[in-house]
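Here are some short exercises on backbone and surface. Work through each one before reading its solution.

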Amino acid sequence: MRPVLARGGWRLAGQLLLFQVGVLVLVVGIGAAVSIGFSLRAANAESRNKMLAISRTLAQTPGVISAVQSSDPTRRLQPVAKAVQRDTGASFVVFMSPAGIRFTHPNPDRIGEHFVGTIAPAQRGKALTETYRGTLGQSVRAVVPIKDDGRVVGLVSVGVLLRQISTEASRQIPVLVGLAVLALAVGTIGSVLLARRVRRQTLGLDPAEIARHYQHHDAVLHAVREGILLVDGDRRLTLANDEARRLLELPPDAEGRGVDELGLPPRSAVLLASRREATDEMLTVGDRLLAVNLRRTDGYGVPGGIVATLRDSTELRALTGKAETARRQLKLLYDAASEIATTLDVTRTAEEVVRVVVPRLADFASVDLAEPVLRGEEPAPAHGLVPVRRVAVHGIRDDHPLISPGTALTLPPATPQAAVLGGAPGVLMADLRTASRSWMAVDQEQAQRVVEYGIHSLILVPLRARGVLLGMVNFWRGSGSEPFGEEDLFLAQEVVARAALGVDNARRYTREHATAMTLQENLLPAAHVTHSALEVAHRYLPAKALVGGDWFDVLPLTGFRVALVVGDVVGHGLQAAATMGRLRAAIHTLSDLDLPPDELLARVDELVTRIDQEEAGPARTPVAGATCLYAVYDPVGGCCTVARAGHLPPALVTPDGEVEFLELPPGPPLGVGGMRFEAVERRLPEGSRLVLYTNGLVEDRSRDVDVGIELLGQALAGSSPGPEQTCTEVLRTVLPEHPADDVALLVARTRIFGADQVAQWDVEPDPTSVGRMRTAATGQLTQWGLEETAFTTELLLSELLTNAIRYGTPPIRVRLIRNESLFCEVWDHSSTSPHLRYAAETDEGGRGLFLVAQLAERWGTRYTPTGKIIWAEQALT
């Protein structure tokens, strides 16, 4: 340990120590400043939230609401403001009128003046927070509306001065400064220890030892039997050992010259000047084959340079071609496994097959599939001529003479193509010009054009998966390529074996998708739905991946009312479609009972729960979670009753173009249970559009459902009044680019029956009223021009009204509705329902409802919240 080296070590260690301490002081200082800044910001945010909470609490206090509307709000509210200011630590509490005139203020002289700050959002019913300079100084404040039955009757503002927030935050500064000092002390101690370690490690090194190390390294550099080159950032050769000079035949003055001035082969010069890394890249220099490795020297003190090692691999040249061929084959098989069958589409999978093999295995390739495969069916064993269809063709040139995709082909039995489809493992025709001409029997003219084009070699491989023969793949080579060999046939069979599974999976998916689509199309309503109460248009778009369980319905009810239904079953595929059919059938059945929407959903909810309990199994997806919306519209008066089970609310577009999403009690999804369903009644103006939809329209992976609903509202606001145009415009503007779920959309424009279609009378509960009612009904039918129905209507009204007077409860009402048929309705406040029975010959009564059933087209009972309605319908010629 020499004193000079020791002093030099101390100098290095001292500089390192000073540098580390300086950096540490800078980092700790910045950290302390940032911590103080964050502390002030956090205190500011906390004050905003606190002021907003206090303001909202005061705005919802009943005493405050009444005081704001009193004749002397200042007298009642000033004590409240002072008490809240004292108890919460707020700097001020100001109550004011909706126009911003102060009722309270910490300075009584300011009472009666206009509030200084932003109040416009609060006047519109929204709360806000802001930082503003008021009469007391810069402050953080919240302004909240005081509402009474949704009407803004006053405003309240609570705030705290910024200097008060800064005072509270500054209490944390001593703690932060103490932590910073502690961190500085710990870092300084660590720096001292590190400096001592550096001092110890630098002792013992002297110039002689450094020179000796250099001599050793130089001897190794020139004695090693591997060429070494060092190129600097300016692409100049700075070092070359003896082996590198020999292998590259470098001139004596090579060092210091540019790489492109050394007389190297162009590819070698480009590689050495490229500054990229390479591993065992093969170069040919003269009659030598060199393996070159390149590494950058940026991390070793030579910025922008590279170091190259050269290894003479001339003896391996013979093996390189085979190794490269094997590598290409393995790469082709690997790519076939990863790039084929990326989708579940048969045609797309076939196109992926030909794109993978061209040009790495063949110059041209085509895929022929049996016709049933394209429909998702399993091909039956062929006898005689084999029908196939070409689905994919690809080549190195586009002007090839091969048969184009979509062409149906018939393969005679004696052809090699038919032999492959008959079970042969593959056919290799190395030279088409000298091979048997049987392969040309499919199309003589086309085959002649193939030969004239220069295609000279062909491989046919069957597409077989899971024991099912799906089709075949044709590999072609043209002029400029070597003929196919046995190795090529083996490789083609391996590639096709991997592709066949993808084609078969796509075929199976096509079959399942087609089955589910057929099932769902048969379960959904007809394409055109007409009803006198509504003008209806609808759209249904199945998901591209798997068919789902979305559905909709337009169900006619008694009294010319109509039910609108839309729902969504969880899951996809056949099970979802089948479940949708069961739920739709259940709703059809229950709608015939004229149940209210909330009661109908409760019945369906019980059905779903029972299905899940009785049919539970490991391979079955539960139905619980299905959503549904059920609405009943009555054209007599325009009343609409809606209930939902976990479904999105419907949109209502008024005749003047305003859009509103109806606020409905959410209700649980079907099968979940635990909550009751509630119905909301709403009277709709004539010409209103009621829009029902499923979540596939507004929800997507790339956007939230709230964004989709907002887009739907914007589309409806600017849409045409017709339901068909509305459906078209909504799908064009709202539908996601790639919908992941089914989409069901139902648009209904309301109609209201006029006074000339409805007649109504209140009836006294007296048997003599029956005769007067018959006379009134006959007169009304005469006005309508329905004299031929008068006799039948008199009999029906007599029986129904007599039952209501005898067994029902007043008040009693009679209503006639004329449209494409005639409805007679008798209302009373009794919940007792009559039932049809067949009287014996000796019975004095019991034939009334039997007579009604014989005279009317249909009849029944419908319950209301206050009683029941017995109705009878007559067909009009």
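A residue is called buried when its relative accessible area is under 20%, exposed when that area is over 50%, and partly exposed in between. The model is predicted.

**Exercise 1. Describe helix H11, its start and its buried residues.**

Solution.
- Step 1: take the length. H11 has 12 residues. Its first and last C-alpha atoms are 17 Å apart, close to the expected 16 Å.
- Step 2: look at the N-terminal end. Aspartate 345 caps H11 there. One of its side-chain oxygens lies 3.2 Å from the backbone nitrogen of threonine 347.
- Step 3: apply the cut-off. The buried residues in H11 are Val346, Thr349, Ala350, Glu352, Val353, Val354, Val356 and Val357.
- Step 4: recall helix geometry. An α-helix has 3.6 residues a turn, so residues three or four places apart point the same way.

**Exercise 2. Which residues are joined by cis peptide bonds, and where do the prolines lie?**

Solution.
- Step 1: know the usual case. Most peptide bonds are trans.
- Step 2: read omega. Valine 358 and proline 359 are joined by a cis bond, with omega about 5°. Proline 810 and proline 811 are also joined by a cis bond, and here omega is about -5°.
- Step 3: place the prolines. Proline 359 sits in the loop between H11 and strand S10 (364-370). Proline 811 sits in the loop between helix H22 (790-807) and strand S27 (812-818).

**Exercise 3. Find where alanine 341 and arginine 466 lie, and classify their exposure.**

Solution.
- Step 1: recall the usual sign. Most residues other than glycine have a negative phi.
- Step 2: read phi. Alanine 341 has a positive value of about 70°. Arginine 466 has a positive value of about 55°.
- Step 3: find the loops. Alanine 341 lies between helix H10 (317-339) and H11. Arginine 466 lies between strand S14 (457-465) and strand S15 (468-477).
- Step 4: classify. Alanine 341 has 35% relative accessibility, so it counts as partly exposed. Arginine 466 has 48%, so it is partly exposed too.

**Exercise 4. Which residues make the nonpolar surface patch of about 270 Å²?**

Solution.
- Step 1: name the members. Leu26, Ile30 and Val34 make this patch.
- Step 2: place one of them. Isoleucine 30 lies in helix H1, residues 3-59.
- Step 3: check its exposure. Isoleucine 30 counts as partly exposed because its relative accessibility is 47%.

How values were computed. Residues are numbered from 1 along each chain as its sequence is written. This is a predicted model: local features need pLDDT of at least 70, side-chain atom pairs count only at pLDDT 80 or more; totals for chains, interfaces and linings use all residues. Side-chain values use heavy atoms; hydrogens and water are left out. Helices (H or I, at least four residues) and strands (E, at least two) are DSSP runs, numbered from the N terminus. Buried means under 20% relative accessible area, exposed over 50%, partly exposed in between (1.4 Å probe, protein chains only). Patches are made of residues with over 30% relative accessible area and no salt bridge: like charges are joined within 9 Å, nonpolar side chains (Val, Leu, Ile, Met, Phe, Trp, Tyr) within 5 Å. Accessible areas come from the Shrake-Rupley method with a 1.4 Å probe; for residues, only the protein chains shown count as cover. A salt bridge is a side-chain nitrogen of Lys or Arg within 4 Å of a carboxyl oxygen of Asp or Glu. The expected span of a helix is 1.5 Å times one less than its number of residues. A polar contact is a pair of N or O atoms within 3.5 Å; within protein, one must be able to donate a hydrogen and the other to accept it, and residues adjacent in sequence count only if both atoms are side-chain atoms.
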